[in-house]
Amino acid sequence: MGRRARGGMDRARMTIGGCRRPARWAAVAAGIAAASCHGERPAPSPRPLPAVDALPSRHRVEPESPRIANYRIDARYDAVAHTIDGRMDLTWRNAGASPVDRLPFHLYMNAFAARDTVFMRESHGAHRDARADWSHPGWIEVDAIAIDGGDDVRDRAVFPAEDRTVLEVPLAAAIPPGGAVTVAMSFRVQLPRAVARTGFEGDFAMVGQWFPKIGVRTGPPGDERWHCEPFHANSEFFADFGVYDVSLRVPATHVVAASGVLLDAVDHGDGTRTLRYRAEDVHDFAWAIDPYFEFVEGTVTTERGPVRVRVYHRPDQRAFAQRHLRAAIGAIDAYSALFVPYPWTTMTVVDPPPDAADATGGMEYPTLVTTAGDGPAADLGLVPEFVTVHEVGHNWFQGILASNEVDEAWLDEGVNQYTNGLAIERIYGSRPAIDAFGVRLNYRQLTWLQAGWFPAPIAQPSYRYPLASWYGDATYVRTALALQTLERVLGRDRVVAALADYAREWAFRHPTGDDLFAALERHAGPDHAAFVREFVDAAFRRGGAADLRVEHFACERDTCDVVVANRGDVAVPCSISIEFADGTSSRVDDWDGRSTLDLHIDRGDAVRVDVDPDGRVALDRSGPARSKTRGADRAAARAAGARAQFWTQTVLGVVGL
Ligand SMILES: [Zn+2]
């Protein structure tokens, strides 16, 4: 999922004349928000039955993943009440070496049922810029449960956690290692008004985290344990791979964008139709529905074949849809070339209407993502493109490499954010990420400016961060800066090779942070392996950063004295440069980045000292303290710095990245 501006995560939403729009656009986006308001559009009319996908599933013959959790779901959507009646048959396989006597299921939608759920207590009722609307809560009820075709055992199921976001079904007979079970469930969902990635806004609905979803068992053979945490505010998801065969009965007036490929479309002649989708070797299934959707599409070919890319959007977002399409195609091309080829045949990008973008935009599911960034902010640079590249990139860093987003959120978010920079460079070359109000920033500068430098480790469960801003700082930004630092020390080729190796080794499995660290250490080579070990420990496990400073810079007639120090707890060898009044310069290239360094210069005309002039240490919280300027330049430099800082904060505040 994408991240919003620091300080902007808990901003309230505005409700204006019955439809709402993001608060941060309130001053500038009146035109678009008004146009998207429900009630000002023509009444929905029947839409043509969608064409069944011509592209066959690529791995119907040979499964690519272990296919542990396989779902067949029949669901009916009521577009007026925003409810879903579903029936689900799950086939689950015990891939562990110990017997299983209970099955826990996530009921994520119950996070939106009341003010006292774990999610609502932790988030204070808001997620990113969207606040829960308590006149439209969301919930899920499971009405019946049958194990292997037996009697209804719903009465035996319990809610073991603090709220109703986990339902546990005890089994009369344990499932032995290698055994399988089928679980039939009927359930009813009330979508909330859009909040935290899911729900409805006017006629539009984004349907994510909507069905009972079994937890994941991992651990040493014979000692496996379930991972099925209640739904926390600062965490995303973790699930096993499988096949999803999902039939959606929907109004004929509505267009559906869903995971996977469309296998079948049947009109019932009563104003409804059933669309049957199949998604293979994925760990989630999501869909969006809207009566005004249209789409643009294109194709990108990887070494595994063509991938059809579609962007679903409303008519007034056509210009943005073209930008999202180019970004999605470019991202699939870049990630396929850098890591492992995109394994599926479709990629669906949902561009939610602006009034639903804060709540539902910027989220990833395998083969389907939601994007955002349309509107005035799009003119500031590559803003819509960032969101799309980020979410499509997640199809690798969590879609294919299904790490645990609850325990190790940095492993997908931060690694993804780092690789987004590589993809954006491949797609857009040297085009600045932000180019507005006289400020031009590349993606790396933008990443550094987002850091909050809060004192928390990167490698820790996401629900341990006290605030969303701390979670975002560690999980997204400092992880990306740490990887940028490794890139500059080891060389980009080695870091990319390590990530590609990690991707090949762990595709369609559940890697951990230690697996990534091992790949980095392997590719660092003998000369840098010890450095990588120390860096990983300091930066990821202890949450440290460098703090590079020119602490003293003074000159007399014929001499200058300089003191350079690192007041942080991450040491990276780097250079120091000294500029003289006549335009010449000299460098010290063997500083270890750790010990305090006293430099005595045998001339008195030094005007500027820079620590790390090559920008090697991206994970450095010091900012302007890295340089010191003497003489007339000083005031001008300070003024220029203040100006850049002011505009940067302004731009970031509007962009909300
Ligand atoms: Zn993300």
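This report walks through some loop residues, one helix pair and the aromatic rings of a predicted model.

**Loop residues**

Let's start with backbone angles. Most residues other than glycine have a negative phi. Two arginines here go the other way. R67 isn't a glycine, yet its phi is positive, at about 50 degrees. R197, also a residue other than glycine, has a positive phi near 85 degrees.

Where do they sit? You'll find R67 in the loop between α1 (30-35) and β3 (69-78). R197 is in the loop between β10 (180-190) and β11 (199-201). As for burial, the cut-off is under 20% relative accessible area. R67 has 15%, so it counts as buried. R197 comes in at 2% and is therefore buried as well.

G269 makes a handy contrast: at 68% relative accessible area, this glycine is exposed, because exposed means over 50%. Its place is the loop between β18 (261-267) and β19 (272-282). The C-alpha atom of G269 is 9.0 Å from that of A252, and the two residues are 17 apart along the chain.

Here are the three loop residues side by side:

| Residue | Loop | Relative accessible area |
|---|---|---|
| R67 | between α1 (30-35) and β3 (69-78) | 15%, buried |
| R197 | between β10 (180-190) and β11 (199-201) | 2%, buried |
| G269 | between β18 (261-267) and β19 (272-282) | 68%, exposed |

**A helix pair**

Next up are α7 (residues 410-428) and α9 (residues 468-490), whose axes come within 8 Å and cross at roughly 50 degrees. That angle makes α7 oblique to α9. The crossing is right-handed.

Which residues do the touching? On the α7 side they are W410, E413, G414, V415, Q417, Y418 and L422, and they meet Y471, T475, Y476, T479, A480, L483, Q484 and E487 of α9. Sorted by class, this contact of α7 with α9 has eight nonpolar, five polar and two charged residues.

**Aromatic rings**

Now for the rings: the count comes to 36 aromatic pairs. Take F112 and F119, whose ring centres are 5.6 Å apart. Their planes stand at 75 degrees, and over 60 counts as edge-to-face, so that is what this pair is. Both F112 and F119 are buried.

Ring pairs also build a cluster out of Y71, Y77, F187, W210, F211, Y244, Y277, F285 and W287. If you want to look at it in the structure, Y71 and Y77 are among its tyrosines, and W210 and W287 among its other members.

Terms used
Residues numbered from 1 in each chain as written. Predicted model: local features only at pLDDT ≥ 70, side-chain atom pairs only at ≥ 80, totals over all residues. Heavy atoms only, no water. Helix = DSSP H or I, 4+ residues; strand = E, 2+ residues; numbered from the N terminus. Buried < 20%, exposed > 50% of the residue type's maximum accessible area, 1.4 Å probe, protein only. Axes fitted to C-alpha atoms, helices over the stretch in contact; angles between N-to-C directions. Parallel < 35°, antiparallel > 145°, perpendicular 65-115°, else oblique. Left-handed = near helix turned anticlockwise from the far one by under 90°. Contact = heavy atoms within 4.5 Å. Nonpolar A, V, L, I, M, F, W, Y, C, P; charged D, E, K, R; others polar. Phe/Tyr/Trp six-rings, centres within 6.5 Å; stacked < 30°, edge-to-face > 60°.
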